[in-house]
Amino acid sequence: MMKLVALASLATAQECISRWGDVAVPPADPVLGIKAQFVADDTPTKIGLSVGAYRDDDGNPWVLPPVEAARERLFGPNGTTTHEYLSIDGFERYNKLAQGLLYGPEEANHDVVTVQALSGTGALRLAMEFLNRHYPGPRTAYIPAVTWSNHWNIFKDAGWADSRPYTYLDKAGLRLEWSSLLADLEAAPEGSVVLLHLCAHNPSGVDPSRDQWKELAALVKRKGLFPLFDSAYLGFATGDLDADAWPFRYFLQQGLAPWACVSFSKNFGLYSERTGAVHATVASPHEADAVRGHLKKVARAMYSNPPAFGARVVAAVLDDPDLKAAWLDTLKVMSSRIGDMRTALRAKLDSLDTGRDWSHITSQIGMFSYTGMTKSEVLKIREKHHVYMLESGRISMAGINTKNVDQLATAIADVLERQPDDGGATRGLPARGRRRAAAAPGPGQVAVEAGAQAPRGLREEAAGRRRGALRLRLHLAGDGDGGAPVRAEATIGDVVGAGGAAVALRVAAAPARRRGDVLLREFGPAARPRRALRRARAAAGFAERDLRRFDAADGAILDLARDVPPELVTREGLATARRPPEYVNGVSLTPGAVGLALTFARELEAAGAAGDEGRVFLIAEDDASFAEDFGAKLADAVAAADAHDPGWDFLQVGYFGDDRTFAKPEIEDKTIRALLAVPESVAGTSGIAMRAKGARNLRERLYPLDWQLDTALKAAYRTCRAYCSRVPLMTSDHSTPENSDIQILPPGFRFDPNGARPASQKFKVKVKGTSKKGI
């Protein structure tokens, strides 16, 4: 009877209210997501190189002996430590000892505030929250273009929407690009915050020399920049505490009042204890009281007070001369083992004759190293050899030991994309499509004679596949040595354009052999889209005389208190606009820039609600000049974006060609890379193309604005799927005190899905309604 009652109760239970059905599942963290895959892999020979946690030569976590001794002293049978709350700013003795560890002899020469924080992540968030509320300089931050990925999340969530990348590594991603680094920071607005890695740069392991640090300090002083050091590896990089702390202490000596966010996860092995601190260098005891009070106020609202365990362990070690000496020895042990693994890995790779230079493995320093491997190589080594590293090619050197270093080097050598030894039969194929020649077609493969077209059945099968789904292998038959057939295998998976694409693969045999082209002329539902583009070029094309102009919002007559919705411009942004600089600087809002922002938001909303998801809208400045054959080039750029990323949000086609940097690594496909790049910092808003979905996404991520549109767009590069044309298709003059117009214009552009020509050559263009006085 009881069972029947229970069943009846279940049957009448009310259905749970759904509140989160429209919330999309976010992508996995790039580091911890890879770790989860590694843990789920039951292969006994797997190698985990993703997470930055020290391992001994047996691959096991290492509890440092002095940490173990301190733990026993504090919490063992004879320990007297309780579990009472700490104060908001943490364990006082820990704060003092941690401060002295970083500041060294300079501590006596400066007023310093130290507040305990939740390891390095929490310290950065605490510092940036404080600076967002109280920093008197511009709300502009500069972060290395190559950095720990969580830096961007922390700065954004702390309110620093205008966080910009500055160049760090060269194009190969292996060495410091010093001149570009200096140029980027030289161009920063005076007083900007600049994030600096103290030592053992994460993720590259590439650190400036002392001479370079001195040059950087001079720039920081000249520009009045605010230096914020991220110190996660103090003593861990070289094994020498003073050597690792030298850059910070030099900045102190130069009177630059640097701040530091420190973590004891790596150098004490306290990964799960979240032990860190904010060190704030200030000018006076009064400033110290004010800064400490407001840091505590932020901490109180965020987490109330920090955990005690790790702080008590660190303090116990640093307060005891014997334990501290033992700890300093462990730093040498850890850094030396990692250095030995760098040497061993490089030696093994060099012995395998990979055709690559591996000297960067030993020139880099600290826990991490950039291998220079491409994303496709990383995915292949994961699938084939169960080696888990980040898709950027970054590895944690701590995951390498004497038992797996040869296995790792052999696996790396096996997946490197290099020229196959097949007499040149596959020369000219894209790297991602290269495979060693097969003896005969396998299941699902077909043999195609040189110069022949793919069989119609395969073309029809391809027509229904989305990008990346088709893997078509072609065997090109020709005359080889001794009359033997030569077959080359190509995998084609990213070959669609605007509704489809044509793909031409030139497969060249040795000089005496036959040459042939395999041309898939009908791929995808659009049928002959390249012909459509050629016809578009031959058509009337883009003509400025076809533009229809109408006024934008007039900043000269805007009532900033009444006419500007809070969802479009923040209170801080309006405050800036009421006290604008003397001329447009691309960053600070002015009345004219607010009018521009309102117009841009209106046009994004109109494009997003247009109802035609295939239409391409172009928003452009009214004084922009257009490249020759602009319509055809825009069509090509859009087709390339569709081929590379069908879900792209916006495509910047107008900008200053002398003020741009592209993200690394660049797009792999050479054909697409000739037309497109991933923007890292592209100045100007001369022209932006998007479809309705992209317009909706861009509007959601841009607003409300703190700064001008071109600055906000740079931040949107990291939250939207953004691309730019390889060369600008539209340009305008740089703003100067004499020429300060910042007009944004929205035209419409449509591609006929049937491939005949752009459906309309008429562009709607808005011209700025503001006067010089309004700017």
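**Why is it called that? Questions on a predicted model**

Student: What do the buried residues of helix H3 pack against?

Tutor: They pack against helix H10 (265-268), helix H12 (309-319) and H13. Keep in mind that this is a predicted model.

Student: Which residues of H3 are the buried ones?

Tutor: H3 runs over residues 65-75, and Pro66, Val67, Ala70 and Leu74 are buried in it.

Student: What makes you put them on one side of H3?

Tutor: Their arc around the axis is only 100 degrees, so they sit on the same side of H3.

Student: Let's move to strands. Why is strand E2 called largely enclosed?

Tutor: Count its residues: E2 covers residues 111-118, and six of the eight are buried, so the rest of the structure largely encloses this strand.

Student: Which strand pairs with E2, and in what sense?

Tutor: That's strand E8 (residues 275-282), antiparallel to E2 over eight bridges. Two bridges are enough to call strands paired, and E2 and E8 have eight. To find one of them in the structure, look at Leu118, whose bridge partner in E8 is Thr275.

Student: What about strand E24: how do you know that both of its faces are covered?

Tutor: Check each side of E24 (residues 687-690): Gly687 and Ala689 are on one, Ile688 and Met690 on the other, and all of them are buried. As background, side chains in a regular strand alternate between the two faces of the sheet.

Student: Which strands pair with E24?

Tutor: Strand E18 (residues 616-620) is joined to E24 by four bridges and runs antiparallel to it. Strand E20 (residues 650-654) also pairs with E24 in the antiparallel sense, over four bridges. Gly687 in E24 is a handy landmark: Ala620 stands opposite Gly687, and Gly687 is also the bridge partner of Gly654.

Student: On to the interior. What is in the largest nonpolar core?

Tutor: That core has 94 residues, with Leu216, Phe251 and Leu345 having the most contacts inside it. H13 supplies the largest share of this core, eight residues. In general, nonpolar side chains of soluble globular proteins tend to be buried together.

Student: What does Leu216 touch, leaving aside its neighbours within four places in sequence?

Tutor: Leu216 is in contact with Trp178, Leu181, Leu182, Leu185, Leu196 and Phe251. Apart from the largest core lies another one, of 39 residues, and Val564, Ala593, Ile619 and Ala695 are among them.

Student: Now the charges. What makes Arg337 and Asp57 a salt bridge?

Tutor: Their closest N and O atoms are 3.8 Å apart. The limit is 4 Å, so this pair counts. The two residues are 280 apart in the chain: Arg337 is in helix H13, and Asp57 is in the loop between strand E1 (47-48) and H3.

Student: Is Arg337 buried or exposed, and why?

Tutor: Arg337 has a relative accessible area of 11%; buried means under 20%, so Arg337 is buried. Asp57 comes to 25%, so it is called partly exposed.

Student: Where are the partners of the Asp319 and Arg93 salt bridge?

Tutor: Asp319 is in helix H12 and Arg93 in helix H4 (residues 92-103), 226 residues apart. Their closest N and O atoms are 2.7 Å apart. Asp319 at 40% relative accessibility counts as partly exposed, and Arg93 at 38% does too.

Student: Why say that Asp414 and Lys384 tie parts of the chain together?

Tutor: Asp414 lies in helix H16 (residues 405-415) and Lys384 in helix H15 (residues 375-385), so the pair ties parts that are 30 residues apart in sequence. The closest N and O atoms of this salt bridge are 2.7 Å apart.

Student: How many salt bridges are there, and which residues are joined into one network?

Tutor: The structure holds 23 salt bridges. Asp57, Asp58, Arg337 and Lys403 form one network through salt bridges that share partners.

Student: Last one, on cysteines. How many disulfides are there?

Tutor: Zero: the cut-off is a pair of cysteine sulfur atoms within 2.5 Å, and the count by this rule comes to zero. As for accessibility, Cys16 at 69% counts as exposed, while Cys724 at 0% counts as buried.

Terms used:
Residues numbered from 1 in each chain as written. Predicted model: local features only at pLDDT ≥ 70, side-chain atom pairs only at ≥ 80, totals over all residues. Heavy atoms only, no water. Buried < 20%, exposed > 50% of the residue type's maximum accessible area, 1.4 Å probe, protein only. Core = buried A, V, L, I, M, F, W, Y, C linked by side-chain atoms within 4.5 Å. Contact = heavy atoms within 4.5 Å. Arc of directions from axis to C-beta. Salt bridge = Lys/Arg side-chain N within 4 Å of Asp/Glu carboxyl O.
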